[in-house]
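Subject: A structure for you to explore

Hi there,

Here is the structure I promised to pass on to you. Have a look at it in your viewer first, and then read my notes alongside it.

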Amino acid sequence: MDIDVSEVMHLIGDVQGRTTLIIDDIIDTAGTLVKTAEALLKEGATKVFAACTHAVLSGPAVERICKSAIEEVVVTDSVPLAEAAKKVSRIKVLSVAGLLARGIHSIHEETSISELFFF
């Protein structure tokens, strides 16, 4: 198997006629993300959205996302976006600054940070 080459082996569940969401920790080259989106659409999904924590977006990632059928990719600002990625309207960035600030404050005050993870 080649490095940085992905293949969707199986899709578990029925996505026919549904809007789908791909959740990942990191998007690096976006190869796995785009192939997953293609597999979902092939199996009948009507729309594909994606979300990730760390948008590394190296190499061909931005171009792959732009050419894909993914409607929107929501990422955090844990990794600064390259200028090319900032210009892509379907890439939306959410800030983690508030969450980190509350965590630091809780640690400083010696209170539990577990409340940060409950809605």
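Below is what I found in it, starting with the strands and ending at the surface.

Please keep in mind that this is a predicted model.

**The strands**

A good place to begin is strand β1, residues 19–27, which runs parallel to strand β2, residues 47–55, and is joined to it by eight bridges. If you want one pair to look for, find Ile23, whose bridge partner in β2 is Ala51. To get from β1 to β2 the chain passes through helix α1 (residues 31–42), and this β-α-β crossover is right-handed.

β2 also pairs with strand β3 (residues 72–76), again in the parallel sense, over four bridges. Here Ala51 turns up once more, standing opposite Val74 in β3. Another right-handed β-α-β unit is made by β2, helix α2 (residues 61–67) and β3.

**A threonine to zoom in on**

Thr76 sits in strand β3. Is it buried or exposed? Its relative accessibility is 14%, so Thr76 counts as buried, the cut-off for buried being under 20%. The side chain of Thr76 reaches the backbone oxygen of Thr53 at 2.3 Å. Thr76 and Ser78 are also joined through their side chains, by a polar contact of 3.2 Å.

**Salt bridges**

Side chains of opposite charge can pair when their charged atoms come close. How many salt bridges are there in this model? The count comes to two.

- In helix α2, Glu63 and Lys67 are four residues apart, about one turn of the helix. Their side chains meet in a salt bridge of 2.8 Å, N to O. Glu63 is partly exposed, because its relative accessible area is 45%, while Lys67 counts as exposed at 65% relative accessibility.
- In helix α3 (residues 83–86), Lys86 and Glu83 are three residues apart, which is also about one turn of the helix. The salt bridge between their side chains spans 3.2 Å, N to O, and both residues are exposed.

**A patch on the surface**

Finally, look for Ile107, Ile113, Phe117 and Phe118, which form a nonpolar patch on the surface. Together these residues have about 460 Å² of accessible area. One of them, Phe117, lies in the segment after α4 (97–108). Phe117 counts as exposed because its relative accessibility is 54%, and exposed means over 50%.

Enjoy exploring, and write back with any questions!

Best wishes

How values were computed
Residues numbered from 1 in each chain as written. Predicted model: local features only at pLDDT ≥ 70, side-chain atom pairs only at ≥ 80, totals over all residues. Heavy atoms only, no water. Patch = residues over 30% accessible without salt bridge, like charges linked within 9 Å, V, L, I, M, F, W, Y side chains within 5 Å. Areas by Shrake-Rupley, 256 points an atom, 1.4 Å probe, with all protein chains shown as cover. Salt bridge = Lys/Arg side-chain N within 4 Å of Asp/Glu carboxyl O. Helix = DSSP H or I, 4+ residues; strand = E, 2+ residues; numbered from the N terminus. Buried < 20%, exposed > 50% of the residue type's maximum accessible area, 1.4 Å probe, protein only. Pairing = 2+ DSSP bridges. Right-handed = clockwise from strand over helix to strand, strands pointing away. Polar contact = N/O pair within 3.5 Å; in protein donor to acceptor, adjacent residues only side chain to side chain.
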